[in-house]
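Biologist: I should like to understand how the descriptive words used for a structure are justified. May we go through them one at a time?

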Amino acid sequence: MKQFLGLTVLLLSFMSVSAQTAIGLKYGVQNTDLYDLSDASSVTASNFGLILNFGYSHLVSFQMEVNYSPKGSVYDNFLDEETEEVYDYLEVPVLLKLSFGANSLKYYGIVGAFAAVPLNISTVTGNVEEKREGIDEVDLGIQFGAGLTYDLGPGRILGEVRYSAGIDGLPDQYTETKALLFSVGYLFTFGKKSKNN
């Protein structure tokens, strides 16, 4: 957790030297797993959030996001009943972004860490749904992916694919969040024009 906070402070320090700042929104669909069990299957859920990107150079920018990111699994409980369990996460990734291309169409790679807190947990078995408050544990993990941006109007549209893997923080050895996310969004750009974001 201390390392994640350090990355966040480092990112915010680049705001004062940013060549260009971008603020935007994104929406996506993700295929998720919550449990590392052989008989568990994935859950598909929507993901949306806010993007803050701070350009450091034509190549390098730093990005922070605040996302609503449900993750879950389907499994058979001890009564052999099919159960869907979903954690509704508030997720904050801190990312390094490397951008390439000189024209309106650019492509990029992205990598970094995230911290996520489950706001609530829902469990559905048959026609019965149970909701409870999220646990106190913070899920920590890594994310990496690639995408494209295209200049349009006052900013850029984006399309991205990203993989997310939890490493530490959830309550037992069987809980291991994973997600493959496909998203689209729009970034409003401010400041000196550069080739990142």
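Modeller: Certainly. Please bear in mind that this is a predicted model. We may begin with Tyr56, which has a relative accessibility of 47%.

Biologist: Why is Tyr56 called partly exposed?

Modeller: Partly exposed covers the range between the limit for buried, under 20%, and the limit for exposed, over 50%. The 47% of Tyr56 falls between these limits, so the residue counts as partly exposed. Phe62, by contrast, has 16%, which is under 20%, and therefore counts as buried.

Biologist: What makes Tyr56 and Phe62 an edge-to-face pair?

Modeller: A search of the whole structure finds six aromatic pairs. In the pair of Tyr56 and Phe62, the ring centres are 6.4 Å apart and the planes meet at 70°. Rings pair if their centres lie within 6.5 Å, and planes over 60 degrees apart count as edge-to-face. Both conditions are met, so the pair is edge-to-face.

Biologist: How do you know that Arg162 and Glu65 form a salt bridge?

Modeller: Their closest N and O atoms are 2.9 Å apart. The cut-off is 4 Å, so this pair qualifies as a salt bridge. The structure holds seven salt bridges.

Biologist: Why is the pair of Arg162 and Glu65 said to tie together parts that are apart in sequence?

Modeller: Arg162 belongs to strand 8 and Glu65 to strand 3 (residues 60-76), so the salt bridge ties together parts 97 residues apart in sequence. Arg162 has a relative accessible area of 3% and Glu65 has 1%. Both values are under 20%, so both residues are buried.

Biologist: What other salt bridge does Arg162 form with a glutamate, Glu160?

Modeller: Glu160 and Arg162 have their closest N and O atoms 2.7 Å apart. Glu160 is buried as well, because its relative accessible area of 8% is under 20%. Lys26, Glu65, Glu160 and Arg162 are linked in a network of salt bridges.

Biologist: Are Glu85 and Arg132, which also meet in a salt bridge, buried or partly exposed?

Modeller: The two partners fall into separate classes. Glu85 has 4% relative accessibility and therefore counts as buried, whereas Arg132 has 33% and is partly exposed. The N to O distance in their salt bridge is 3.3 Å. Glu85 lies in strand 4 and Arg132 in strand 6 (residues 128-133), 47 residues apart.

Biologist: What makes the link between Arg156 and Asp151 a polar contact?

Modeller: The side chains of Arg156 and Asp151 are joined at 2.7 Å, and the limit for a polar contact is 3.5 Å. Arg156 lies in strand 8 (residues 155-168) and has a relative accessible area of 0%, so Arg156 is buried.

Biologist: How do you know that the charged end of Lys71 sits over the ring of Tyr89?

Modeller: The charged end of Lys71 is 5.6 Å from the ring centre of Tyr89, and the distance limit is 6 Å. Lys97 likewise lies over the face of Tyr108, at 4.2 Å from the ring centre.

Biologist: Which residues form the largest nonpolar core?

Modeller: This core has nine residues: Leu34, Tyr35, Ala40, Tyr75, Tyr87, Tyr89, Phe114, Ala116 and Ile121. Strand 5 gives the most to this core, with three residues. One core member, Tyr87, touches several residues, including Leu34, Tyr35 and Ile121. A second, separate core of seven residues includes Ile51, Leu95, Tyr108 and Leu187.

Key. Residues are numbered from 1 along each chain as its sequence is written. This is a predicted model: local features need pLDDT of at least 70, side-chain atom pairs count only at pLDDT 80 or more; totals for chains, interfaces and linings use all residues. Side-chain values use heavy atoms; hydrogens and water are left out. Rings of Phe, Tyr and Trp (its six-membered ring) pair if their centres lie within 6.5 Å; planes under 30 degrees apart count as stacked, over 60 as edge-to-face and the rest as tilted. Buried means under 20% relative accessible area, exposed over 50%, partly exposed in between (1.4 Å probe, protein chains only). A charge sits over a ring if NZ of Lys or CZ of Arg is within 6 Å of the ring centre and within 35 degrees of the ring normal. Helices (H or I, at least four residues) and strands (E, at least two) are DSSP runs, numbered from the N terminus. A polar contact is a pair of N or O atoms within 3.5 Å; within protein, one must be able to donate a hydrogen and the other to accept it, and residues adjacent in sequence count only if both atoms are side-chain atoms. A nonpolar core is a set of buried Ala, Val, Leu, Ile, Met, Phe, Trp, Tyr and Cys residues joined through side-chain atoms within 4.5 Å. Contact means heavy atoms within 4.5 Å. A salt bridge is a side-chain nitrogen of Lys or Arg within 4 Å of a carboxyl oxygen of Asp or Glu. Lists of a residue's contacts leave out its neighbours within four places in sequence.
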